[in-house]
Amino acid sequence: MKFEQTKEVLNQLVADLSQFSVVIHQTHWYMRGPEFLTLHPLMDEFMDEINDQLDVVSERLITLDGSPYSTLREFADNTGIEDEIGNWDRTIPERMEKLVEGYRYLADLYQKGIDVSGDEGDDSTQDIFIANKTDIEKKIWMIQAKLGKAPGIDADTRTKTR
């Protein structure tokens, strides 16, 4: 069996990207405040990017003879991204912090994928992981800038998520 660890990371990403899309959608639905008109449509763009990554990751897994998770139960049982019941109590900055947390988790998972696909010699998947991690890091930078913070993408300068 070829690329087993790479396929495990790909399938983990299937669960996590699916879950994170829902987290972004919840932010889209439950935000209120003066920045609503700007941020509400931006969440559509964020969801589109995550869903595009999900499609590429899933199709790569299939290309490697893997079987991507494809049910809500599988996503929920296998994701490392926590969910919560929607509520109106969070401020927009708190919602943005929650997104940064999810993006950091994904960046760490993509790094794991970069490492294992490199070890297994799967250059094509490694390229996907590198490109997606780069896009995720840019999102972290942009949201952090909106929050008045530095990107903090260096793993040595922040607390890693899960």
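**Core and overall architecture of a predicted helical chain**

Within the largest nonpolar core, which has 38 residues, Leu 13, Phe 20, Ile 24, Met 96, Leu 99, Tyr 103 and Leu 106 touch the most other members. A nonpolar core is here a set of buried Ala, Val, Leu, Ile, Met, Phe, Trp, Tyr and Cys residues joined through side-chain atoms within 4.5 Å; buried stands for under 20% relative accessible area, exposed for over 50%, and partly exposed for values in between (1.4 Å probe, protein chains only). At least two residues of this core come from each of helix H1 (4–30), helix H2 (36–63), helix H4 (92–120) and helix H5 (123–146). H4 supplies the largest share, 12 residues. As a general background, nonpolar side chains in soluble globular proteins tend to be buried together.

The structure is a predicted model, in which local features need pLDDT of at least 70 and side-chain atom pairs count only at pLDDT 80 or more, while totals for chains, interfaces and linings use all residues. Residues are numbered from 1 along each chain as its sequence is written, and side-chain values use heavy atoms, with hydrogens and water left out.

Tyr 103 makes a good place to look at the packing in detail. Apart from neighbours within four places in sequence, Tyr 103 is in contact (heavy atoms within 4.5 Å) with Phe 20, Ile 24, Phe 46, Ile 50, Ile 136, Lys 139, Ile 140 and Ile 143.

Trp 29, located in helix H1, is exposed because its relative accessible area is 54%. Its C-alpha atom is separated by 9.6 Å from that of Trp 88, although the two residues are 59 apart along the chain.

Turning to the whole chain, the secondary structure comprises five helices and zero strands, in the order α-α-α-α-α from the N terminus. Helices (H or I, at least four residues) and strands (E, at least two) are DSSP runs, numbered from the N terminus. The UniProt record, an unreviewed entry, places the feature "domain: Ferritin/DPS" at residues 8–150; such annotations may be inferred rather than shown by experiment. This span is 78% helix and 0% strand, and its end C-alpha atoms lie 32 Å apart.

The radius of gyration, taken over C-alpha atoms, is 16 Å, which agrees with the value near 15 Å for a compact globule of 162 residues under the rule of 2.2 Å times the number of residues to the power 0.38. Of the 162 residues, 46% count as buried. Among contacts between residues at least 6 apart in sequence, 80% join residues at least 24 apart.
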